[in-house]
Amino acid sequence: MKADVLLGLQWGDEGKGKIVDVLTSKYDIIARFQGGPNAGHTLEFDGIKHVLHTIPSGIFHKGSMNIIGNGVVIDPVIFENEINEIDKLDVEMSDLLISKKAHLILPTHKLLDAASEKAKGKNKIGSTLKGIGPTYMDKTGRNGLRIGDISDKNFTEKYEKLKNKHIQILNFYDFDYKLNELEEKWFDSLETLKRFPHIESEHFMHKAIKDGKKILAEGAQGTLLDIDFGSYPFVTSSNTITAGACTGLGIAPNKIGEVIGIFKAYCTRVGSGPFPSELFDEIGVRLAKIGNEFGSTTGRARRCGWIDLPALKYAININGVTQLNMMKADVLSGLETINVCTHYMLDGNKIDYLPFEDNENLTPIYTKLKGWDKDLMHISSLDEAPQEVHDYIAYLEKELETPISIVSVGPDRKQTFFR
Ligand code: GDP
Ligand code: IMO
Ligand code: MG
């Protein structure tokens, strides 16, 4: 048995949470492999709307096993809030296991994130300020604290050592902070983390694969936010791509099966950085409004634009995508024409790839497709969709050379069509 991977092909918020929730009934295990509470994965079912940050999106399916893998970074305070929010719902939570090798976000990691962003001024990344960058820096710098350390008798000592190091770095910045209250909350919230089994998740995954269990690895963020292949430096600090599922769970590359790539029928980005097909006109405003494009984690307005094929092709290649899911087709309803970015102009030259240099100055070249009027949110099968929707799907499948296996027309579980 091989593990499937589901991940975002754009700048995040493609609808990963929704689809993982929809697909969970087909899997035994759902595992997050990277990122942390910078993620906001929205699920809607039975009139409930719920946002998850650290917890895998299979958590509402009884009988499923949810794993937070070694590649994830965890803020115990946010984790505790997530558990409390789930407890408030009248839904049974399925099993949740946490890798001992997952790294801990300390209160001072969050302060460092904020101090670094402040110092960058107008060049800031637009980080979610959840401490993601500083935590991964400590991981690669070999200073981090991990979930497995919590039960170490020297844990407080290790914590103090790292905290004091952070305080020294904070002294370099022009940045005021109060730590006491944050620390108190942080230590209290460790008790919630301790309620869940801490496991050697790579051994767990190996055995699961051997036993023929069906595994879905859930990505966070999107390919264009990947630390190596995204629009650096306006990226997150982890590998958001299929390879990240290998390092973030301990699954060997030859044990990866299907790679499901998710994209919006248009494109959004939250935070700073290049976005060649961004719209600054009334259509952009319309997409933001109809698509309710506000960050699930920070509430910030998402920038909106047309779908970008060179960027999607790049993401498909890097991830080895075997099937595509197209989200939010309903949001395009009512547009006379839909633009599809097929190339960019750079310094008078037409190019069909994202270049290393000058991503800020790419001018998109568009192909125009006929739009449709019909509201898609209430159709009960794709057969009820206008011909133009089918033409859009066929055009994208041809250009992207990959089948679109799911089309989503609304936030609810039920507004999902398999092809
Ligand atoms: P994720 O981070 O990839 O899980 O995506 P987010 O949850 O941050 O953002 C996706 C947003 O779009 C959420 O508010 C979803 O409820 C919503 N959504 C998902 N699929 C659809 C869809 O097909 N149509 C509409 N209108 N909304 C959708
Ligand atoms: P999900 O999983 C959209 C963006 C931030 C910022 C950059 C770096 O919900 O798709 P960070 O906090 O990682 O230092 O921020 O990455 N970003 C996301 N954008 N969806 C996300 O996650 C994101 N996680 C981080 O806005 O531009
Ligand atoms: Mg999101």
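This report walks through a predicted model, from its ligands and metal ion to its cores and a few individual residues.

## Ligand 1

Let us start with the surroundings of ligand 1. This ligand has 20 residues around it, and the closest are Lys 16, Thr 42, Ser 296, Asp 330 and Ser 408. Several polar atoms of the protein also reach its oxygen atoms. From Asp 13, a polar side-chain atom comes to 3.0 Å from an oxygen atom of ligand 1. Two residues do this through the backbone: an N or O atom of Val 409 lies 3.5 Å from an oxygen atom of the ligand, and one of Gly 410 lies 3.0 Å from an oxygen atom of the ligand. On its own, ligand 1 has 580 Å² of accessible area, and the protein covers 95% of this.

## Ligand 2

Ligand 2 is surrounded by 20 residues, the closest being Asp 13, Lys 16, His 41, Thr 128 and Thr 236. If you have just looked at ligand 1, you will recognise Lys 16, which is listed among the closest residues there and appears again for ligand 2.

Side chains supply the polar contacts described here. Asn 38 places a polar side-chain atom 2.9 Å from an oxygen atom of ligand 2. For Ser 127, the distance from a side-chain N or O atom to an oxygen atom of the ligand is 3.2 Å. With Thr 128, a polar side-chain atom lies 2.5 Å from an oxygen atom of ligand 2. Taken alone, ligand 2 exposes 550 Å², of which the protein buries 97%.

## The magnesium ion

Which residues coordinate the magnesium ion, ligand 3? They are Asp 13, through OD, and Gly 40, through O, at 2.1 to 2.2 Å. Asp 13 sits in the loop between strand E1 (3-8) and helix H1 (16-23), while Gly 40 sits in the loop between strand E2 (29-32) and strand E3 (41-45), so the pair ties together parts that are 27 residues apart in sequence.

Are these two residues buried or partly exposed? Asp 13 counts as partly exposed because its relative accessibility is 21%, whereas Gly 40, at 10%, counts as buried. Asp 13 is worth finding in the viewer, as this residue also has a side-chain atom 3.0 Å from an oxygen atom of ligand 1 and is listed among the closest residues to ligand 2.

## Two nonpolar cores

Away from the ligands, have a look at the cores. The largest nonpolar core has 58 residues, and Met 326, Leu 332, Tyr 392 and Leu 396 have the most contacts inside it. Helix H11 (residues 387-400) gives the most to this core, with five residues. Apart from it lies another core of 29 residues, including Phe 45, Val 72, Leu 96 and Ala 102.

Leu 396 shows what such a residue touches. Setting aside neighbours within four places in sequence, Leu 396 is in contact with Phe 263, Ile 307, Leu 309, Met 326, Glu 401 and Ile 404.

## Helices H1 and H10

Helix H1 is mostly covered, with eight of its eight residues buried. Among them are Lys 16, Ile 19 and Leu 23.

In helix H10 (residues 309-319), the buried residues include Leu 309, Leu 312 and Ile 316. At its N-terminal end, Asp 308 acts as a cap, with a side-chain oxygen 3.1 Å from the backbone nitrogen of Ala 311. Following H10 comes Gly 320, which has a positive phi, near 65 degrees.

## Three residues to find

Ser 99 lies in strand E7 (residues 95-99) and, at 0% relative accessibility, counts as buried. Its side chain reaches the backbone nitrogen of Lys 101 at 3.0 Å. Leaving aside neighbours within four places in sequence, the contacts of Ser 99 include Ile 68, Asn 70 and Ile 199.

Asp 149 belongs to the loop between helix H4 (132-140) and helix H5 (155-170), and at 13% relative accessibility this residue counts as buried. A polar atom of its side chain lies 2.7 Å from the backbone nitrogen of Arg 146. Phe 356 offers a contrast: at 80% relative accessibility, this residue counts as exposed. Phe 356 is in the loop between strand E17 (349-351) and strand E18 (363-370). Phe 356 and Tyr 232 are 124 residues apart in sequence, with their C-alpha atoms 9.3 Å apart in space.

Technical notes:
Residues numbered from 1 in each chain as written. Chains lettered and ligands numbered in written order. Predicted model: local features only at pLDDT ≥ 70, side-chain atom pairs only at ≥ 80, totals over all residues. Heavy atoms only, no water. Core = buried A, V, L, I, M, F, W, Y, C linked by side-chain atoms within 4.5 Å. Buried < 20%, exposed > 50% of the residue type's maximum accessible area, 1.4 Å probe, protein only. Helix = DSSP H or I, 4+ residues; strand = E, 2+ residues; numbered from the N terminus. Contact = heavy atoms within 4.5 Å. Near = heavy atom within 4 Å. Polar contact = N/O pair within 3.5 Å; in protein donor to acceptor, adjacent residues only side chain to side chain. Areas by Shrake-Rupley, 256 points an atom, 1.4 Å probe, with all protein chains shown as cover. Donors = N, O, S within 2.8 Å, 3.2 Å for Na, K, Ca; no water.
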